[in-house]
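Hi,

Here's the structure I said I'd pass on. Have a look at it first, and my notes are underneath.

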Amino acid sequence: MIRHRNHGPETAGHLMVAAVASAGPAQDARAAFHALAGPGFACLQNLHVVEGDRRLLGIVPLTALAAAPAGTTVGQLMRRVTPLHEHD
């Protein structure tokens, strides 16, 4: 479910997206792509690859996800991201 908040147009919250597509690195790429079908995402350009604790590992552009050969995992397609801040 997507919750919409009433942020004013002058705030960063007005531009934020509440629901993003995500999957674990071991998930089958084709299964991840098919799981995105239907309503539920306000913006859908990348699949966000996350660990079990929802920490971001990387992203997969949907074009790469759609073209993935059978047997490919999300992690194999992932572009790693560098965190801006590491928690202690």
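Below is what I found in the sheet, strand by strand.

Keep in mind that this is a predicted model. What caught my eye is an open sheet of four strands in the order β1-β2-β3-β4, with mixed pairing. β1 (22–23) and β4 (79–80) are at its edges, and each has a single partner strand, so one side of each has no neighbour in the sheet.

Now for the middle. β2 covers residues 46–50 and β3 covers residues 56–61, and the two pair in the antiparallel sense over five bridges. If you want to find the register by eye, look for His48 opposite Ile59 in β3, and for Val49, whose bridge partner in β3 is Gly58. Together β2 and β3 make a hairpin, with five residues between them. Arg54 sits in that turn and has a positive phi of about 70°.

On its other pairing, β3 runs antiparallel to β4, and two bridges join them. Gly58 turns up again here, standing opposite Arg80 in β4. So Gly58 is a handy residue to click on: Val49 is its bridge partner in β2, and Arg80 stands opposite it in β4.

And how buried is β3? Five of its six residues are buried, so the strand is largely enclosed by the rest of the structure.

Cheers

Notes:
Residues numbered from 1 in each chain as written. Predicted model: local features only at pLDDT ≥ 70, side-chain atom pairs only at ≥ 80, totals over all residues. Heavy atoms only, no water. Pairing = 2+ DSSP bridges. Buried < 20%, exposed > 50% of the residue type's maximum accessible area, 1.4 Å probe, protein only.
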